[in-house]
Amino acid sequence: MEQLIFSSVENLPNARASAAFTEPKPVFKEDGEITPTILSDTHAYMPWGATNLMPFDIIDLIESDETLATCQMFNAEVCYGSGLQYDTAQAADTVAADVEDFLLDNDLASYFLGVCQDFKHFAFAVSVIILNTEGTKIVRLIRKEACYCRFAPADTHGKIPRLYFANWRKFATLGDCEIIEMLDAAAPFCDLRERLKNGDRCRKFAIVSRVPTPDSTYYPIPYYAALFRGKWFNIKQLIGLAKEAKLRNSAPLKYHIEVSQKYWDSIFKSEGITDRARQQARIVEEKRRILDFLTGAENSGKVWFSTFYVNPNGDVQHDVVINKIDSDKEGGDWESDIQEAVNMICFTLRVHSNLVGSVPGKAQTNNSGSDKRELYTIAQALQKPYHDLLFTVHRIIIRFNGWKGVKPLVPFIQLTTLDENRDAKTVTTDREHRHEQTDK
């Protein structure tokens, strides 16, 4: 079905102005009370937003703004760092071999970049661990996209028993979703051991990595939600609509070319053109010649000479006069406003505009290389709490599989100075595993 378009700019009748139609933007937290949606006698889930489609609305908003989409991807890439690694430097050879087999069976790079994006978009990520038939080893690690996950209502102890995974845009019945048992978010490893000790035959469990927020809800409210509750996102959208409307509804003139009648007469006389049709064709040809002279890189710096005379009133009359009209770009009157709006979006997402090149104008790119290098280092250092939260799943895997001497690690990419004779190096803050690797 073709998507309906509600936002537009319309011309006002009998007025040299336009009106912009926009939609109110959804926010992460609904003002009304959200009640569970019943699927069957034993299954129910908590909707994400009043229509259960809030994450998709948020994704649509992010994808509709170039700055917001770029900043979100930048934040995910910075969180990714040099990628998730299982450090086996202190492990035995047999353990290192087992870890290598596990990494070959699981696409850790795709998984980790995916959960980093979920963290930056929705402040939580869902990992699913799958055990072998005997329940003695964790053999698979899978990411479940956060936007497709819904939580069951919590029990009397505040524990969420299960998770529902489905394409909620097309959801119809209980058979359309995958039901996954969820480990206790407060103590997942303890919960896993207790389940297996009590003879639980389930071999697939979901572990939720969640960013603690001041207002605890089923679905966390990311810090950048303030962008949609404030005004700057709407302001940036309106500026784009206004610039597009101005460019579409106007025909900006770059040159005004004045050609004297004497000029045409002299051409006709010198070339002996008397037929009216041929004269008209010659006029078109001469206009094209003048336009070709004004455009093209090969004509840069050339000069146009034309004759002139002084009439009885003392005015100078030229055969051809070329006037350049308003060299500023159409719609440039919003240049400062768009820069301010972009800076506010970057500020809300904690991304310096010089790191993503999102702010227009030459004056915005004057930071030195040292400044940008330090900004990038700071951005990576701020990912420490998110890595600690994401490491919980991997510490459980390592402990459950009995891999002694193994630890999860995400080295940073540190840009270097010219005196070190290399472009970048990877570093880590782990005290027992300090290393540097040259990246040419």
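1. First, a term we'll need: contact here means heavy atoms within 4.5 Å. With that in hand, start at K144. Leaving aside neighbours within four places in sequence, K144 is in contact with D118, V126, V128, C149, F165, E178 and I180. Do keep in mind that this is a predicted model.

2. Some context on the whole chain. The protein chain has 440 residues, and 38% of them count as buried. Its secondary structure comes to 13 helices and 19 strands. If you take the contacts with a separation of 6 or more, residues 24 or more positions apart account for 62% of them.

3. Back to K144, which belongs to strand β7, residues 138-144. Is this lysine buried or exposed? Its relative accessibility is 12%, and buried means under 20%, so K144 counts as buried. The side chain of K144 has a polar partner too: a polar contact of 2.9 Å joins it to the side chain of E178. E178 is also one of the residues in the contact list of K144. Have a look at G114 as well, since its C-alpha atom is separated from that of K144 by 8.8 Å, with the two residues 30 apart along the chain.

4. S127 is the other residue I'd pick out. It sits in strand β6, which covers residues 124-131. With a relative accessible area of 2%, S127 is buried, because the cut-off for that is under 20%. What does its side chain make a polar contact with? The partner is the side chain of Y111, at 2.7 Å. Not counting residues up to four places away in sequence, S127 touches Y111, V115, L141, I142, F205, A206, I207 and V393.

5. On to helix packing, beginning with α2 (residues 66-80) and α4 (residues 108-122). Their axes come within 8 Å and cross at roughly 130°. That angle makes α2 oblique to α4. The crossing, as α2 passes α4, is right-handed. From α2, the contact is made by Q72, M73, N75, A76, C79 and Y80, and from α4 by A109, F112, L113, C116, Q117, K120 and H121. By type, the residues of this contact divide into eight nonpolar, four polar and one charged. Y111, the polar partner of S127, falls within the residue range of α4.

6. The second helix pair is α5 (residues 188-197) with α13 (residues 384-400). These two pack at an angle of about 40°, with their axes 10 Å apart. The two helices are therefore oblique to each other. Their crossing is right-handed. On the α5 side the contact is made by P188, F189, L192 and L196; on the α13 side, by T392, I396, R399 and F400. Those residues divide into six nonpolar, one polar and one charged. V393, which S127 touches, lies in the residue range of α13.

Note on methods: Residues are numbered from 1 along each chain as its sequence is written. This is a predicted model: local features need pLDDT of at least 70, side-chain atom pairs count only at pLDDT 80 or more; totals for chains, interfaces and linings use all residues. Side-chain values use heavy atoms; hydrogens and water are left out. Helices (H or I, at least four residues) and strands (E, at least two) are DSSP runs, numbered from the N terminus. Buried means under 20% relative accessible area, exposed over 50%, partly exposed in between (1.4 Å probe, protein chains only). A polar contact is a pair of N or O atoms within 3.5 Å; within protein, one must be able to donate a hydrogen and the other to accept it, and residues adjacent in sequence count only if both atoms are side-chain atoms. Axes are lines fitted to C-alpha atoms, for helices over the stretch in contact, and angles run from 0 to 180 degrees between N-to-C directions. Angles under 35 degrees count as roughly parallel, over 145 as roughly antiparallel, 65 to 115 as roughly perpendicular and the rest as oblique. A crossing is left-handed if the near helix is turned anticlockwise from the far one by less than a right angle, and right-handed if clockwise. Ala, Val, Leu, Ile, Met, Phe, Trp, Tyr, Cys and Pro count as nonpolar, Asp, Glu, Lys and Arg as charged, and the others, Gly among them, as polar.
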